[in-house]
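Visitor: I would like to go through the ligand site and the pockets, with the reasoning behind each term.

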Amino acid sequence: MPNNREAQLESLAESVRNLTESPLYTYRTENDYAAVFGEGNIHANIMVIGEAPGEQEAKQGRPFVGSAGKVLNELLGLIDLEREDVYITNIVKDRPPDNRNPRVGEIKLYAPYLVQQIEIIQPKVIAPLGRFAMEFILKQFDAFEKQKISQVHGTVIKAQATYGEIAVVPLYHPAAAFYNPKLQDTLREDILTLQPFVA
Ligand code: URA
């Protein structure tokens, strides 16, 4: 592994691009999609983790650039953050067909890349978006007690990372606001939980 963050992340991104054993790899190449590794401030305090890229993301190779991304950008704006201030990624780095939920095997396959991204960036706060990311992150840090996203959204869950204590702040997935407009207000309230962690 190279010894600076940028080079380490680039090497990891290259491995994801070459992940031919992924069941989503053929779908990526057949559709001229790109893997979506993640982007933003590699020294950020806050890391935002979604589920998997949608079509816009896979076309551009960038996370949260479609309609859910618009919502995310607006939410970050409420706490005076630009998306460039945080690091944004997903658990699964390739688009699942028709935006279906990621499968257990896919989450397992891509998980080591996310875990290494966390190790390299060492965020003090992780905001998983939606139940898949919440469950994955809480399990990863031995803090999963079968919580439902409806119970823990907008709360701070302390956890221990290899590099120190972190705060996990689960949020509803921004796309949930499309299906349930009431959640828009909840998302706007919940994002304020991140305010004290803004440097
Ligand atoms: N939804 C996600 O979970 N991630 C993205 O990058 C875009 C939409």
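Guide: This is a predicted model. An oxygen atom of the ligand lies 3.0 Å from a polar backbone atom of Phe64.

Visitor: What makes that pair with Phe64 a polar contact?

Guide: A polar contact is a pair of N or O atoms within 3.5 Å. The ligand oxygen and the polar backbone atom of Phe64 are 3.0 Å apart, so the pair meets the cut-off.

Visitor: Which polar backbone atoms of Glu51 and Ala52 pair with the ligand, and at what distance?

Guide: A polar backbone atom of Glu51 is 2.8 Å from an oxygen atom of the ligand. For Ala52, a polar backbone atom is 3.0 Å from a nitrogen atom of the ligand. Both distances fall within 3.5 Å, so these are polar contacts too. Of the 240 Å² of accessible area that the ligand has on its own, the protein covers 92%.

Visitor: Which residues are around the ligand, and why are they counted?

Guide: They are Gly50, Glu51, Ala52, Pro53, Glu57, Pro63, Phe64, Asn90 and His173. Each is counted because one of its heavy atoms lies within 4 Å of the ligand. This shell divides into 4 nonpolar, 3 polar and 2 charged residues.

Visitor: Why is Gly50 put among the polar residues of the shell?

Guide: Gly counts as polar under the scheme used, so Gly50 goes into that class. Glu counts as charged, so Glu51 and Glu57 go into the charged class.

Visitor: How do you know where the ligand sits?

Guide: The ligand sits in the largest pocket, which means that more than half of its atoms lie within 2 Å of the grid points of that pocket. The volume of this pocket is about 690 Å³.

Visitor: What lines the largest pocket?

Guide: The lining has 27 residues, and Glu51, Asn99, His173, Ala175 and Tyr179 lie nearest the centre. At least two lining residues come from each of α3 (55–60), α4 (67–78), α6 (130–140) and α8 (176–179). By class, the lining holds 13 nonpolar, 9 polar and 5 charged residues.

Visitor: What makes Arg131 a lining residue of the second largest pocket?

Guide: Arg131 is on the list of residues lining that pocket, which means it has an atom within 4 Å of one of the pocket's grid points. The second largest pocket holds about 200 Å³ of space. Its lining takes two or more residues from α5 (104–121) and from α6, with α6 giving the largest share, 5 residues.

Visitor: How does the lining of the second largest pocket divide by class?

Guide: It has 6 nonpolar, no polar and 4 charged residues. Lys108 and Glu135 are among the charged ones, because Lys and Glu both count as charged.

How values were computed:
Residues numbered from 1 in each chain as written. Predicted model: local features only at pLDDT ≥ 70, side-chain atom pairs only at ≥ 80, totals over all residues. Heavy atoms only, no water. Polar contact = N/O pair within 3.5 Å; in protein donor to acceptor, adjacent residues only side chain to side chain. Areas by Shrake-Rupley, 256 points an atom, 1.4 Å probe, with all protein chains shown as cover. 1 Å grid on protein atoms, 1.4 Å probe; cavity = no way out; pocket = protein on both sides within 12 Å on 5 of 7 lines; lining within 4 Å. Points joined across faces, edges and corners; volume = space filled by probe spheres on them. Helix = DSSP H or I, 4+ residues; strand = E, 2+ residues; numbered from the N terminus.
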